[in-house]
Amino acid sequence: MKYELIKLPYELNALEPVMSQKTLEFHWGKHLQAYVNNLNKLIEGTPFENEPLDVIIAKAEGPLFNNAGQVLNHNMFFQQFSAKGGGAPKGKLAEKINATWGSFENFQKEFTTAAAGLFGSGWTWLAREKDGSLIITKEANGSNPVARGLVPILGFDVWEHAYYLDYQNRRPDFLQELWKITDWDIIEERY
Ligand code: MN
């Protein structure tokens with residue numbers, strides 16, 4: 001089985017000005033495509049050939065772990081945004097966030113602080129633990145919470161390639177803007 005570049009559920013300019021068409025052309029069209037191509041080369045003729053991404057990530061190491069992780073990370077990242085995003089979660093996820101962090105605003109603050117403070121390249125995720133509790137994780141490079149048996153729900157990419165064209169070195173500004181396109185209807189389904 002060959003992995004394929006996911007189709008975006010919106011036009012390339014749909015997320016402007018938060019995320020420009022130029023950024024998507026590079027980030028989705030070039031960076032993610034490269035991870036997909038590398039992953040396909042690495043699994044060819046191995047027992048991983050027909051495994052889903054979460055299984056590969058749980059078992060693999062080195063380049064295979066990194067590329068499978070980055071394919072899953074970006075597939076989830078690009079599919080969690082929409083032009084009608086923003087606002088706050090509703091329902092069960094909102095209740096759990098409030099019970100864990102006191103308020104949605106406080107959760108956003110903690111999440112953004114974790115992402116802004118992550119040293120080097122990586123990701124910040126909201127993830128669900130086996131007992132149902134929520135946790136904010138910092139992942140280095142291409143890792144994902146599924147590597148530790150957690151369920152990833154919302155992920156912000158803090159590799160420079162995610163924001164440099166639009167925000168240059170202003171990572172905190174990029175993170176603040178991402179909330180405006182984050183679609184909580186999609187996030188809620190993952191929870
Ligand atoms: Mn990226």
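**Group meeting: a predicted manganese-bound chain**

The protein chain carries 19 positive and 24 negative side chains, and the centres of these two sets lie 1 Å apart. In that count Lys and Arg are positive and Asp and Glu negative, while His and the chain ends are not counted; each charge is placed at NZ of Lys, CZ of Arg, CG of Asp or CD of Glu.

Colleagues, please note that this is a predicted model, in which local features need pLDDT of at least 70 and side-chain atom pairs count only at pLDDT 80 or more, while totals for chains, interfaces and linings use all residues. Residues are numbered from 1 along each chain as its sequence is written, and side-chain values use heavy atoms, with hydrogens and water left out.

I turn to the overall fold. The secondary structure comprises eight helices and three strands; these are DSSP runs numbered from the N terminus, with helices being H or I of at least four residues and strands being E of at least two. Read from the N terminus, the order of elements is α-α-α-α-α-β-β-β-α-α-α. The radius of gyration is 16 Å, close to the 16 Å given by the globule rule for 191 residues, so the chain is as compact as a globular protein of that length. Here the radius is taken over C-alpha atoms, and the rule is 2.2 Å times the number of residues to the power 0.38. Along its principal axes, the C-alpha trace spans about 50 × 40 × 30 Å.

Of the 191 residues, 49% count as buried. Buried means under 20% relative accessible area, exposed means over 50%, and partly exposed lies in between, with a 1.4 Å probe and protein chains only. The chain exposes about 9200 Å², of which carbon and sulfur atoms supply 52%; the areas come from the Shrake-Rupley method with a 1.4 Å probe, and for residues only the protein chains shown count as cover. Among contacts with a separation of 6 or more, 66% are between residues 24 or more positions apart, a contact being heavy atoms within 4.5 Å.

Next, the metal site. Which residues are the protein donors of the manganese ion? They are His27 (NE2), His74 (NE2), Asp157 (OD) and His161 (NE2), lying 2.0 to 2.1 Å from the ion. Donors are N, O and S atoms within 2.8 Å of the metal (3.2 Å for Na, K and Ca); water is not among the atoms, so sites may look incomplete. Along the chain the donors follow the spacing H-x46-H-x82-D-x3-H. Within this set, His74 in helix H3 (residues 62-79) and Asp157 in strand E3 (residues 151-157) link distant parts of the chain, being 83 residues apart. Both His74 and Asp157 are buried.

Two further buried positions deserve attention. Gln80 sits in the loop between H3 and helix H4 (91-101), and is buried with a relative accessible area of 0%. Leaving aside neighbours within four places in sequence, Gln80 has contacts that include Ile153, Leu154, Gly155 and Phe156, together with Asp183 and Arg190. Phe107, in helix H5 (residues 104-117), is likewise buried, at 0% relative accessibility. Not counting residues up to four places away in sequence, Phe107 touches Ile97, Trp101, Leu126, Ile136, Leu154, Trp179 and Trp184.

What of the backbone geometry? A cis peptide bond joins Glu16 and Pro17, with omega about 0°. Pro17 lies in the segment before helix H1 (21-43) and is exposed, with a relative accessible area of 71%. Pro17 and Glu177 are 160 residues apart in sequence, yet their C-alpha atoms are 9.0 Å apart in space.

Asn141 has a positive phi of about 55° although it is not a glycine. This residue lies in the loop between strand E2 (134-140) and E3 and counts as partly exposed, at 41% relative accessibility. Gln168 is another non-glycine residue with a positive phi, near 50°. Gln168 is found in the loop between helix H6 (164-167) and helix H7 (171-178), and is partly exposed with a relative accessible area of 34%.

Finally, is Lys59 buried or exposed? At 55% relative accessibility, Lys59 counts as exposed; its place is in helix H2 (residues 53-59). Beyond its neighbours within four places in sequence, Lys59 is in contact with Phe48 and Glu51. The C-alpha atoms of Lys59 and Phe48 are 9.3 Å apart, with the two residues eleven apart in sequence.
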